[in-house]
Amino acid sequence: RGYLIAAPSVFRSGVEEAISVTIFNSVKETTVQIQLVVKGETVSRGHGTVLDKGTIKLKVPPGLRGQAHLKVWGNRHLAEEGYIFHNYTTVTIDSKGSSVFIQTDKPVYKPKQKVLINLFMVNSDLRPVNDRVKKTLFFHAIKYDGILGKCTF
């Protein structure tokens with residue numbers, strides 16, 4: 001008998017993460033509990049029952065950052081049947097839950113040409129984020145080797 005817990009090493013704040021649980025040679029369902037603990041305080045919990053394989057979702061609260069403990073255990077009460085286990089690991093919580101893609105209408109511009117830019121903000125699943133982004137763009141053109149370059153935000 002044994003078990004395997006597969007979880008990301010980096011969690012994203014504000015995202016529901018999936019933890020995969022496999023219990024080998026399982027005879028009965030096992031109740032599995034999961035906790036995310038930051039500085040001694042439980043910030044998120046998840047649970048489910050697993051016969052052979054299963055996935056348990058864990059919602060990571062927004063605004064968290066840094067190191068946390070991911071604690072996983074099966075059947076806390078000894079009177080229950082099933083496989084009994086307990087383990088934990090350290091994970092990183094990254095506050096960056098979205099990315100910005102920049103698209104221009106041309107790969108190369110000539111001096112004084114109008115530059116058209118589209119900004120796409122997506123979450124960690126590469127799905128569009130509906131939040132409006134307010135950002136001022138500053139362009140500083142430098143000529144080197146006949147090519148214009150450098151765009152700072």
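User: What makes V21, G46, H47, G48, V50, I56, V72, W73, G74 and F85 count as residues that V32 touches?

Analyst: Contact means heavy atoms within 4.5 Å, and V32 touches these ten positions, V21, G46, H47, G48, V50, I56, V72, W73, G74 and F85, once residues up to four places away in sequence are left out. The model is predicted, so local features need pLDDT of at least 70 and side-chain atom pairs count only at pLDDT 80 or more, whereas totals for chains, interfaces and linings use all residues. Residues are numbered from 1 along each chain as its sequence is written, and side-chain values use heavy atoms, with hydrogens and water left out.

User: Why is V15 called buried or exposed?

Analyst: Buried means under 20% relative accessible area, exposed over 50%, and partly exposed in between (1.4 Å probe, protein chains only); V15 has a relative accessible area of 18%, and is therefore buried. V15 is found in the loop between strand 2 (10-12) and strand 3, strands being DSSP runs of E with at least two residues, numbered from the N terminus.

User: What makes a set of residues a nonpolar core, and which strand gives the most to the largest one?

Analyst: Such a core is a set of buried Ala, Val, Leu, Ile, Met, Phe, Trp, Tyr and Cys residues joined through side-chain atoms within 4.5 Å. The largest has 19 residues, and those with the most contacts inside it are F11, V32, I34, L36, L70 and I93. Strand 3 (16-24), strand 4 (30-38), strand 6 (53-59), strand 7 (66-74) and strand 8 (85-94) each supply at least two of its residues, and strand 4 gives the most, with four.
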